Amino acid sequence: AFMLNSLPLLVCVGAGLVGGVFFAFSAFVMKALAELPAAQGIQAMQRINVVVLNPLFLGVFVGTAVLAGVCIFAGFFPWGSPKSLLLLAAGLTYVLGSFGVTAAFNVPRNERLAKLPPESAEAAAYWPIYVREWLLWNHVRTIASLASAACAAGALAY
């Protein structure tokens, strides 16, 4: 019982934290980087993409994905209750919309950007495309993370 009661709280906090990080990028970080000369914006984003791979952020990001996966399974027991449906929704929106979108869309763009010398013509040509596409998918994962947090919060009411 303790695990099922603490699970939505942990997912709510984790998804909310991750959603907040993503929101910051959507709201102002990428705009600031895009306003820099291309080589400087590219260099800054390349550093961010290295520095973000740290135990604290990855612990919350991946740990929340694991807990969200547990929510998916917990959503089937008992099937059909408001709490189970909210747990299922919290799990699916985070696993697919936050973690899945990151892996499928943001990471490949980050990897491509990492291979480009910041001062190169190829990097300068790719930078506006990167910013536009990366931001689109960042908006998706921001909304998914926050929706997951909201569903997990709702599950706490039951």
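In this predicted model, M45 is a good place to begin, for once its neighbours within four places in sequence are left aside, M45 is in contact with F25, M30, L33, N110, L113, W127, Y130 and W134. Several of these names return when we turn to the largest nonpolar core, which has 16 residues and in which M30, M45, L113, W127 and Y130 touch the most other members. Helices α1 (2–35), α2 (38–51) and α5 (121–156) each supply at least two residues of this core, and α5 gives the most, with seven residues. There is also a second, separate core of ten residues, and V11, C12, L87 and A155 are included in it.

M30, one of the residues just named, is found in helix α1. Its relative accessible area is 1%, and because buried means under 20%, M30 counts as buried. Apart from neighbours within four places in sequence, M30 is in contact with F25, M45, Y130, V131, W134 and L135. A contact list can be set beside a separation in space: M30 and T64 are 34 residues apart along the chain, and their C-alpha atoms are separated by 24 Å.

With these residues in mind, we can step back to the whole chain. The secondary structure of the protein chain comes to five helices and zero strands, so that, read from the N terminus on, the elements run α-α-α-α-α. The C-alpha atoms fill a box of roughly 55 × 25 × 20 Å, taken along the principal axes. Of the 158 residues of the chain, 42% count as buried. Among the contacts with a separation of 6 or more, 78% are accounted for by residues 24 or more positions apart.

Helix α3 (residues 55–74) lets us check a helix against expectation. At 1.5 Å a residue, its 20 residues should span 28 Å, and since the C-alpha atoms at its ends are 27 Å apart, the two values agree. At the N-terminal end of α3, N54 acts as a cap, with a side-chain oxygen lying 3.0 Å from the backbone nitrogen of L56. The buried residues of this helix are F57, F61, T64, A65, A68, G69, C71, I72 and A74. Beyond α3 comes the loop that leads to α4 (82–114), and P78 has its place in that loop. F77 and P78 are joined by a cis peptide bond, with omega at about -15°. This is worth noticing, because most peptide bonds are trans.

The aromatic residues deserve a paragraph of their own. The count of aromatic pairs comes to ten. One of them is formed by F57 and F61, whose ring centres are 5.6 Å apart and whose planes meet at 10°; because planes under 30 degrees apart count as stacked, this pair is stacked. Both residues lie in helix α3, four residues apart, which is about one turn of the helix. An α-helix has 3.6 residues a turn, so residues three or four places apart point the same way. Both F57 and F61 are buried, and together with F22, Y94 and F99 they form one aromatic cluster. F22 has a further partner, for R141 lies over the face of its ring, at 3.8 Å from the ring centre. Elsewhere, the charged end of R112 sits over the ring of Y126, 3.8 Å from its centre.

R141 also leads us to N106, a residue found in helix α4. Not counting residues up to four places away in sequence, N106 touches V101, W134, W137, N138 and R141. N106 is buried, with a relative accessible area of 0%. A polar atom of its side chain lies 3.2 Å from the backbone oxygen of W134.

A124 offers a last example, and this residue is found in helix α5. Buried residues fall under 20% and exposed ones over 50%, so A124, at 37% relative accessibility, counts as partly exposed. When residues up to four places away in sequence are not counted, A124 touches A38 and I42. Finally, A124 and P37 are 87 residues apart along the chain, while their C-alpha atoms are separated by 9.1 Å.

Conventions:
Residues numbered from 1 in each chain as written. Predicted model: local features only at pLDDT ≥ 70, side-chain atom pairs only at ≥ 80, totals over all residues. Heavy atoms only, no water. Expected span 1.5 Å × (residues − 1). Buried < 20%, exposed > 50% of the residue type's maximum accessible area, 1.4 Å probe, protein only. Polar contact = N/O pair within 3.5 Å; in protein donor to acceptor, adjacent residues only side chain to side chain. Core = buried A, V, L, I, M, F, W, Y, C linked by side-chain atoms within 4.5 Å. Contact = heavy atoms within 4.5 Å. Phe/Tyr/Trp six-rings, centres within 6.5 Å; stacked < 30°, edge-to-face > 60°. Lys NZ or Arg CZ within 6 Å of the ring centre and 35° of its normal.
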